[in-house]
Amino acid sequence: MAGPSDETKETPSQTAGPYVHIGCTPNFAGIEGVYPEDLGQRMKIGPVKGEEITIRGAVHEGTGTVLRDAMVEIWQADAGGLYNAPNETRGTADPNFTGWGRSAGDMETGEFTFHTVKPGRVPCPDGRLQAPHVTVWIVARGINIGLHTRLYFADEAAANAEDPILSRIEHRNRIPTLLAKPEGGGVYRFDIHLQGPSETIFFDI
Amino acid sequence: MTSTPKGGYAARDRGWHPPALTPPYKTSVKRSPSAPLLSFPSTLSEETGPVFGHHILGPQDNDLLHNFAAEGQSAIGPRIVVHGRVTDQFGRPVAGALLEVWQANAGGRYRHRKEGYLAPLDPNFGGCGRVITGEDGSYEFRTVQPGPYPWPNGANDWRPAHIHFSIFGHGFAQRLVTQMYFEGDPLIWRCPIVGAIPSREAIESLIAPLDMARTLPMDARAYRFDITLRGRRQTMFENRREGL
């Protein structure tokens, strides 16, 4: 349908529903033999550059209950701050690192896990450097349109203090909801709260 | 691949999409953020995204009639072809877009560990498929038309027949999950998930019409479902050095 500036409306979103895993992680859902492996399971396809880390967490709803039917995807730069994407024009990213991960979460505990690398810093269009961050996208039953957030690292205080996106946040007491906490051994904990007093900041990007 | 324009993504029209909180769809009540979303102009982190090559596809990935079936067998149900084009909101084709689809079988039963609807599984139907768009943004897959199924929301709620779509464009900001419905299904207008979408016009954009021109005589009916992703603004005069 043509609008006043002959632009078409975006296809409206709908919930991914409780059976998103049939389509996106069929082997995890018990449908084996269709695809050799679930997409996004492995972010490292060879020896990678940089610090290897593990990101763990869970998605909580407004009553505090953990979601056991969410699907979480992450997208991030490599250790050198380059994206493994055709429209990355600043250089060539680490070919052994995809930058994209997908986790169905544990069927009982709902906990998601990503084996990845700590991303390097990426500039804003005006040249200012962003702090190391991971773009996070969440879909599930009950979520009508996918939720975007960002994961920053609690042990990058200096970079976080000058991050252009974090600087825009008026409610400073909510910033910790975007900080993954180091737990030792290269593990970072990032819990997502969809609603309530510790509600995660979600973005309209 | 078609070249991608530079510039940030045009803002999403959130009055066109369903809002987060839609109480007739009960699960949304405790899974919807209560604070407003924080807006910022897109950066490289949103303007890039994973792009998948055709090498990830197996020969039957877009054939749900056969990709889970035993040798010489096929899924039971009305045979259909679903096809369409993926373009951005400025009319540019989106080449190389990965579409992942999933659905129930002809009786409305999903093949999933947590699903216990009494309609039987079809031993020859898995319910997942995927396809990557061509240079002109077109895609096509074949499957069986899924059946409606009951769900625990209201006391007697039934989902219309639908196919779920997950779509990757060229930037992570374009990431989209939606559902396709079938022309003429009377359940569409009774469904609280469909009804989460504010306007009739937006709902109609999710209803695939029967496409007799692409229907294969004595084989399969065809439905056409075109998909529109967010577009990037032109940047001829863009000067982003003063702001983000």
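## Cavities and a mixed sheet

The largest cavity in this predicted model has a volume of about 60 Å³. Of the 13 residues that line this cavity, the closest to its centre are Ser13(A), Trp137(A), Ile145(A), Gly146(A) and Val177(B). Two elements give two or more residues to the lining of the largest cavity: β6 (133-139) of chain A and β9 (176-182) of chain B.

The structure holds five cavities of 30 Å³ or more. The second largest has a volume of about 40 Å³. Its lining consists of Val59(A), Leu67(A), Ala70(A), Val72(A), Ser103(A), Ala104(A), Gly105(A), Gly110(A) and Phe112(A).

The table sets out volume and lining class for these two cavities.

| Cavity | Volume | Nonpolar residues | Polar residues | Charged residues |
|---|---|---|---|---|
| Largest cavity | about 60 Å³ | six nonpolar | five polar | two charged |
| Second largest cavity | about 40 Å³ | six nonpolar | three polar | no charged |

Strand β9 of chain B, which contributes to the lining of the largest cavity, is also part of an open sheet of five strands in chain B, in the order β4-β3-β8-β9-β10. The pairing in this sheet is mixed. Its edge strands are β4 (128-132) and β10 (207-208) of chain B, and each of them pairs on one side only.

At the β4 end of the sheet, strand β3 (residues 98-102) of chain B is joined to β4(B) by five bridges, and these two strands run antiparallel. Within this pair, Val101(B) stands opposite Gly129(B) of β4(B).

Key
Residues are numbered from 1 along each chain as its sequence is written. Chains are lettered from A and ligands numbered from 1 in the order in which they are written. This is a predicted model: local features need pLDDT of at least 70, side-chain atom pairs count only at pLDDT 80 or more; totals for chains, interfaces and linings use all residues. Side-chain values use heavy atoms; hydrogens and water are left out. Two strands pair if DSSP finds at least two bridges between them. Helices (H or I, at least four residues) and strands (E, at least two) are DSSP runs, numbered from the N terminus. On a 1 Å grid over the protein atoms alone, a cavity is a set of points where a 1.4 Å probe fits but cannot get out, and a pocket is an open set with protein on both sides within 12 Å along at least five of seven lines; lining residues have an atom within 4 Å of a point. Grid points are joined across faces, edges and corners, and a volume is the space filled by probe spheres set on the points. Ala, Val, Leu, Ile, Met, Phe, Trp, Tyr, Cys and Pro count as nonpolar, Asp, Glu, Lys and Arg as charged, and the others, Gly among them, as polar.
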